[in-house]
Amino acid sequence: MPRLVPRRNAAPEPTSRLPIAWGDYSGRYLTGVVLLVGGAALVVQTTAATLALGMLGSLLLLASWAVQPGRPLVRAAVALPSLLLCWCTITGPKSMWVLALILPCWLLVRRRPPITYWTTLIPLALGLLLASCTSLVADKDATFWVVVGGVVAAAWLSREYALKLRLVHTDRIASRPGGRPRTP
């Protein structure tokens, strides 16, 4: 009978190997995710009456990419496009599919291999399906959260796909002379 053995993820993320000038990896990662989703949620809710809320969401979204662990130039390169994509969604649920295009920005910062970018099709198809089914601006909240759930699921799937194909290294960086990893 097969045993279920939890996978050891000592350092599965390529970005976890980068030197971090401040904070710790997991704290910056979690803070970046919360700021990204929160900033996008505020921008999506923006109307003519709540423009200040949209500006706050924009600042949070830009801060999320600044906080997220990764290469600085890549984070800077995806910040403005992801902000513009979020602002494209303020017209309502018909344009919520645009949020799926933030996933390639995430995959680029997380240094996923190009083969995993096919997962963008999942939230894109979900957003287009919802756009064809909904038309009321009142459906904006539900559509947003469903598409964001699709983006999160696709990001997780791309990570698992990269791990399965061994495209993401799961061993620790060698700390012993000679470049051999330590044995437990």
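A pocket, as I use the word here, is an open set of grid points with protein on both sides within 12 Å along at least five of seven lines, and its lining residues have an atom within 4 Å of a point.

**Entry 1: the pocket.** I'm working on a predicted model, so I keep that in mind throughout. I went to the largest pocket, and its volume comes out at about 480 Å³. I listed its lining and got 22 residues; nearest the centre lie Val33, Leu36, Trp106, Val152 and Ala155. I then asked which elements give two or more residues to that lining, and they are helix H1 (25-44), helix H2 (51-67) and H6. Sorted by class, the lining holds 17 nonpolar residues, four charged ones and one polar one.

**Entry 2: the overall fold.** I stepped back to look at the secondary structure. The protein chain has six helices and zero strands, so from the N terminus on I just wrote down α-α-α-α-α-α and left definitions of runs to DSSP. The chain has 184 residues, and 40% of them count as buried.

**Entry 3: a nonpolar patch.** Next I looked over the surface. Ile115, Trp118, Leu121, Ile122 and Leu165 make a nonpolar patch of about 460 Å². I picked out Leu165, which sits in the segment after helix H6 (140-164). Is Leu165 buried or exposed? Neither quite fits: Leu165 is partly exposed, because its relative accessible area is 41%, and that value falls between the 20% and 50% cut-offs.

**Entry 4: neighbours of the patch.** I followed two of the patch residues to partners further along the chain. Leu121 has Ala100 at 8.0 Å, C-alpha to C-alpha, with their positions 21 residues apart in sequence. Ala100 belongs to the loop between helix H3 (72-87) and helix H4 (103-109). I noted Ala100 as buried because its relative accessibility is 0%.

For Ile122 I took Ala153: the C-alpha atoms are 8.6 Å apart, and the two are 31 residues apart in sequence. Ala153 is a residue of helix H6. Ala153 counts as partly exposed, because its relative accessibility is 40%.

**Entry 5: charges.** How many salt bridges does the count come to? I got one salt bridge. The partners are Arg159 and Glu160, whose side chains meet at 3.1 Å, N to O. I checked both for cover, and Arg159 and Glu160 are each buried. As a reminder to myself, side chains of opposite charge can pair when their charged atoms come close.

**Entry 6: an odd backbone angle.** Which residue has a positive phi although it is not a glycine? I found Arg111, with phi at about 60°. I flagged the angle because most residues other than glycine have a negative phi. Arg111 sits in the loop between H4 and helix H5 (121-133). Its relative accessibility is 36%, so I put Arg111 down as partly exposed.

I also looked at what Arg111 is set against. The C-alpha atom of Val74 is 9.5 Å from that of Arg111, and the two are 37 residues apart along the chain. Val74 is part of helix H3. With a relative accessibility of 25%, Val74 is partly exposed too.

How values were computed. Residues are numbered from 1 along each chain as its sequence is written. This is a predicted model: local features need pLDDT of at least 70, side-chain atom pairs count only at pLDDT 80 or more; totals for chains, interfaces and linings use all residues. Side-chain values use heavy atoms; hydrogens and water are left out. Patches are made of residues with over 30% relative accessible area and no salt bridge: like charges are joined within 9 Å, nonpolar side chains (Val, Leu, Ile, Met, Phe, Trp, Tyr) within 5 Å. Accessible areas come from the Shrake-Rupley method with a 1.4 Å probe; for residues, only the protein chains shown count as cover. A salt bridge is a side-chain nitrogen of Lys or Arg within 4 Å of a carboxyl oxygen of Asp or Glu. Helices (H or I, at least four residues) and strands (E, at least two) are DSSP runs, numbered from the N terminus. Buried means under 20% relative accessible area, exposed over 50%, partly exposed in between (1.4 Å probe, protein chains only). On a 1 Å grid over the protein atoms alone, a cavity is a set of points where a 1.4 Å probe fits but cannot get out, and a pocket is an open set with protein on both sides within 12 Å along at least five of seven lines; lining residues have an atom within 4 Å of a point. Grid points are joined across faces, edges and corners, and a volume is the space filled by probe spheres set on the points. Ala, Val, Leu, Ile, Met, Phe, Trp, Tyr, Cys and Pro count as nonpolar, Asp, Glu, Lys and Arg as charged, and the others, Gly among them, as polar.
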